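Hello,

Here is the structure I promised to send you. Have it open while you read, and take your time finding each piece.

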Amino acid sequence: MKRIALTASLTLFTCISFADNFTWSVVPQFTSTAIHRDWTPILDELEKRTGHTFTLKIYETFSDFEANFLEGKSDFCYMNPYHIVMAKQAQNYTPLIRDDKSQLTGILTSRKGSNIQILSDLKGQKIAFASPNAFAASLYMQSLLKNKEHIDFTPVYAGTHSNAYRQVLTGKVKAAGGVYRTLSKEPLEVQSALQVIYKTPSTPTHSITAHPKVSTNIQKEVQQAILDLAQTERGQSLLNAILIPRPVKASYQQDYQALEKLNLTPLVEGQ
């Protein structure tokens with residue numbers, strides 16, 4: 001009987017330990033080094049506040065990140081607004097936290113003093129984007145340029161927003177798609193050398209989302225822990241680094257469902 005009891009106890013312990021560890025992936029807007037630097041302290045704080053452990057998963061490309069959440073491999077994901085639509089439809093991910101301080105606006109940047117001053121100057125030119133499916137910086141931007149502004153251009157994919165901006169500065173392309181949020185994290189010499197010549201309509205920002213395999217109680221624990229972080233000076237500094245300076249509860253129906261009407265799915269690479 002003791003051997004049976006011990007086996008049962010070990011089995012229970014194993015299940016609890018497994019359920020207590022969660023994977024956390026982040027959309028690769030920035031370099032792997034920057035993502036690790038900004039997100040590791042946040043996950044450390046969440047571990048202290050919830051008692052759960054989180055393993056940060058960093059992807060080199062948008063396509064790898066997308067394959068991950070479309071297959072439901074990550075428990076928690078930080079993703080852009082249209083990724084949220086894709087994740088909801090594919091795996092029923094639930095948005096938990098978004099930033100309420102600002103909205104997400106795609107921008108098209110050119111080098112100050114260059115011959116690219118207005119949108120029509122870009123006809124027939126190369127434009128850098130982080131990836132095909134980066135939402136405001138690429139997917140939405142390219143849709144507007146082609147279908148609304150009727151600009152013929154050649155897209156070049158740089159991997160991250162930072163790389164796209166730098167391709168403008170090195171002269172490899174004439175313009176780059178981005179968002180105000182990522183441009184604001186660039187060094188001042190990069191920001192001062194670029195100008196915004198076009199922008200998209202604004203939408204709600206990126207969100208931290210949870211896969212339905214994560215229990216509702218744990219989702220709420222993580223959600224509340226992030227909201228509590230904003231009440232401390234250190235927590236506010238950490239949240240600023242991940243571009244969620246004013247965290248609020250997110251809702252798919254209220255914040256993101258309207259994006260389905262943009263009908264961008266036919267443009268999404270890999271779909």
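Strand 4 (residues 94-99) and strand 11 run antiparallel and are joined by 3 bridges. One of the residues to look for is Arg98, whose bridge partner in strand 11 is Val248. Please keep in mind that this is a predicted model.

Both strands belong to an open sheet of 6 strands with mixed pairing, and the order across it is 2-1-3-10-4-11. Why does one side of strand 2 and of strand 11 have no neighbour in the sheet? Strand 2 (53-58) and strand 11 (247-249) stand at the edges and have a single partner strand each, so one side of each stays free of a neighbour in the sheet. On average, neighbouring strands here are turned by 25° against each other, if you ignore direction.

Now look at the helices on this sheet. Helix 2 (residues 32-50) lies across strand 1 (21-26), strand 2, strand 3 (76-79) and strand 10 (207-210), and runs at about 165° to strand 2. Helix 3 (residues 62-70) packs on the sheet too, where it touches strand 1, strand 2 and strand 3. The direction of helix 3 makes about 135° with that of strand 3.

There is another sheet for you to find. It is open, has 5 strands in the order 7-6-8-5-9, and its pairing is mixed. Which strands form its edges? They are strand 7 (154-157) and strand 9 (194-199), each of which pairs on one side only. Neighbouring strands in this sheet are turned by 35° against each other on average, again with direction ignored.

Within this sheet, strand 5 (residues 106-111) pairs with strand 8 (residues 175-179) in the antiparallel sense, over 4 bridges. To find the place, start at Leu108 and look for its bridge partner in strand 8, Gly177. Helix 6 (residues 161-169) lies across strand 5, strand 6 (126-129), strand 7, strand 8 and strand 9. Relative to strand 8, helix 6 runs at about 150°.

Last comes helix 5 (residues 135-147), which has a kink of about 35° centred on Met141. Is helix 5 mostly covered or mostly uncovered? It is mostly covered, with 11 of its 13 residues buried. Among the buried residues are Phe135, Leu139, Tyr140 and Leu144, and Met141, at the centre of the kink, is buried as well.

Enjoy exploring, and write back with any questions.

Best wishes

Notes: Residues numbered from 1 in each chain as written. Predicted model: local features only at pLDDT ≥ 70, side-chain atom pairs only at ≥ 80, totals over all residues. Heavy atoms only, no water. Pairing = 2+ DSSP bridges. Helix = DSSP H or I, 4+ residues; strand = E, 2+ residues; numbered from the N terminus. Axes fitted to C-alpha atoms, helices over the stretch in contact; angles between N-to-C directions. Contact = heavy atoms within 4.5 Å. Bend = angle between axes of the 7 residues up to and from the residue. Buried < 20%, exposed > 50% of the residue type's maximum accessible area, 1.4 Å probe, protein only.
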